Amino acid sequence: MTTTPEEIANLVSATNALLDEIIGKEGVRDAQVLAYGAQINGVIANFLSASRRTIFVHATLGDDLNPGTEAEPMRTIDEALKSIPAGGQLTVNLLSDYTVDRVITLQGGSLFVAGYNEQHRLTFADVNPLDRTLERSPGFMPVQGGNLQYVRLQNLYVSGANVPTPPECLSPGFFQVNGLMAVRFHACELELPAGSDQNVFASPNGGVVTLVVTNSIVPPEMAGRWVDNVAAGTDPLTLRTVVSNLSAL
């Protein structure tokens, strides 16, 4: 079972409360008890630090061997995700336009991807028709049976591919839903080229999605493209597997 940062933080509070109770009953500050508590809190603090990271990514000038600072950015979101444990929180500050050209596996927790200082373009590429090993279109996919996955895209132009997906590719979508997934677009401009057949959400294995769109530009052609097999104009309140602040999908 994955332990979330919130659960770890609660453990810190519980540990401190237990130590205070022990000290109060004994009437003395037991050095061994205090030392033991300090060790526990040290381990917890290290975990919290490791589970929450901010990584800078530059698709052309970056290097995945870099530490991920603004001066020395990484090159791919894939490698940036490896820097946190399952269930952690990663903020990716994009220093350039970025193309998602493969399936990026998410291990639960939170992923924030934002254009840094300016609105960069995040493009979900089409499947190479010569690559018959790809059964899914490039995008983000949580591990099956994992915890709730939350993704926030901010200050980005979000665009799909401009060609149809090969027929052997299952349910083309930016986000391949397994279980519970929540996505928020904030201060984004969305675009789906006329030749694209991608959706925002694809649910080949079923699942429940939460979609929130705030302060974003959504063109009319997005109607019917939010969730696969959901017709344009559908009120999300009529669906059991979709929760959204939009009045119509």
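**Figure 1. Residue classes in the lining of the largest pocket.** In this predicted model, the residues that line the largest pocket fall into three classes, with seven nonpolar, five polar and two charged. The volume of this pocket is about 220 Å³. The lining consists of 14 residues, and those closest to the centre of the pocket are L81, K82, T105, L106 and Q107.

**Figure 2. Elements that contribute to the lining of the largest pocket.** Two or more lining residues come from each of the elements α3 (77–81), β4 (103–106) and β5 (109–115). With three residues, β4 gives the most to the lining of the largest pocket.

**Figure 3. The open sheet of seven strands.** The strands pair in the parallel sense and follow one another in the order β1-β2-β5-β8-β11-β14-β15. Because β1 (52–57) and β15 (242–244) stand at the edges and each has a single partner strand, one side of each is left without a neighbour in the sheet. On average, and with direction ignored, neighbouring strands of this sheet are turned by 15° against each other. As a general point, the strands of a sheet pair through backbone hydrogen bonds, in either a parallel or an antiparallel arrangement.

**Figure 4. The pairing of β11 with β14.** Strand β11, which covers residues 179–186, pairs with strand β14, which covers residues 207–214, in the parallel sense and over eight bridges. Within the order of the open sheet, β14 follows β11 and is in turn followed by β15. A close-up of this region shows H186 standing opposite T214 in β14.

Key. Residues numbered from 1 in each chain as written. Predicted model: local features only at pLDDT ≥ 70, side-chain atom pairs only at ≥ 80, totals over all residues. Heavy atoms only, no water. 1 Å grid on protein atoms, 1.4 Å probe; cavity = no way out; pocket = protein on both sides within 12 Å on 5 of 7 lines; lining within 4 Å. Points joined across faces, edges and corners; volume = space filled by probe spheres on them. Helix = DSSP H or I, 4+ residues; strand = E, 2+ residues; numbered from the N terminus. Nonpolar A, V, L, I, M, F, W, Y, C, P; charged D, E, K, R; others polar. Pairing = 2+ DSSP bridges. Axes fitted to C-alpha atoms, helices over the stretch in contact; angles between N-to-C directions.
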